[in-house]
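Welcome, and thanks for opening the viewer. Please load the model in a cartoon view and keep your selection tool at hand.

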Amino acid sequence: MKKVFCNIFGHHYSISKKITSHIKEYKCIHCQKRVTTDVSGNLSTLTPELEDINRTLERIYQRRHNAQQVA
């Protein structure tokens with residue numbers, strides 16, 4: 001029933017994870033579909049490959065961000 005709602009009215013995404021200041025992961029509050037922002041800033045379905053890329057970006061971003069605060 002929830003997927004029908006999304007098919008008629010569209011998805012209602014909320015931020016589920018903040019990867020960097022520009023890249024975020026979103027989840028539909030109705031059907032639980034997960035998407036992320038891609039290189040050009042558009043929403044793309046969150047595939048295992050994109051999940052891995054986001055994890056790597058998050059680690060790099062956190063290391064750089066923490067290193068700048070210490071210095």
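What follows is a walk through the strands of this predicted model, with a stop at one residue on the way.

**The whole sheet**

Begin with a view of the four strands together. They make up an open sheet in the order S1-S2-S3-S4, and the pairing is antiparallel. Now colour the two edges: strand S1 covers 13–18 and strand S4 covers 43–45. Each of these has a single partner strand, so one side of each is left without a neighbour in the sheet. If you turn the view to look across the strands, you can follow the twist, which averages 35° from one strand to the next.

**From S1 to S2**

Next, select S1 together with S2. The two strands run antiparallel and are joined by five bridges. They form a hairpin, with five residues between them. To see one pairing up close, pick Lys18 and look across to S2, where its bridge partner is Lys24.

**A stop at Ile15**

Stay in strand S1 and select Ile15. Is this residue buried, partly exposed or exposed? Ile15 has 49% relative accessibility, and the partly exposed class ends at 50%, so Ile15 counts as partly exposed. Show its surroundings, leaving out residues up to four places away in sequence: Ile15 touches Lys24, Glu25 and Tyr26. Then draw a distance between the C-alpha atoms of Ile15 and Tyr26. These residues are eleven apart along the chain, yet the two atoms are separated by 4.4 Å.

**Strand S2 and its other partner**

Now select strand S2, residues 24–28, and switch on a surface. How many of its five residues are buried? Four of them are, and the strand is mostly covered. Add S3 to the selection: three bridges join S2 to S3, and the two run antiparallel. One pairing to pick out is that of Glu25, whose bridge partner in S3 is Thr36.

Follow the chain through the hairpin of S2 and S3, where five residues lie between the strands. Which residue here takes a positive phi? Select Gln32, whose phi is near 70°.

**On to the far edge**

For the last stop, select strand S3, residues 34–37, along with S4. Three bridges join this pair, which run antiparallel. Pick Thr37 and look across to S4, where Leu43 stands opposite. Here you are back at an edge of the sheet, since S4 has a single partner strand.

Conventions. Residues numbered from 1 in each chain as written. Predicted model: local features only at pLDDT ≥ 70, side-chain atom pairs only at ≥ 80, totals over all residues. Heavy atoms only, no water. Pairing = 2+ DSSP bridges. Axes fitted to C-alpha atoms, helices over the stretch in contact; angles between N-to-C directions. Buried < 20%, exposed > 50% of the residue type's maximum accessible area, 1.4 Å probe, protein only. Contact = heavy atoms within 4.5 Å.
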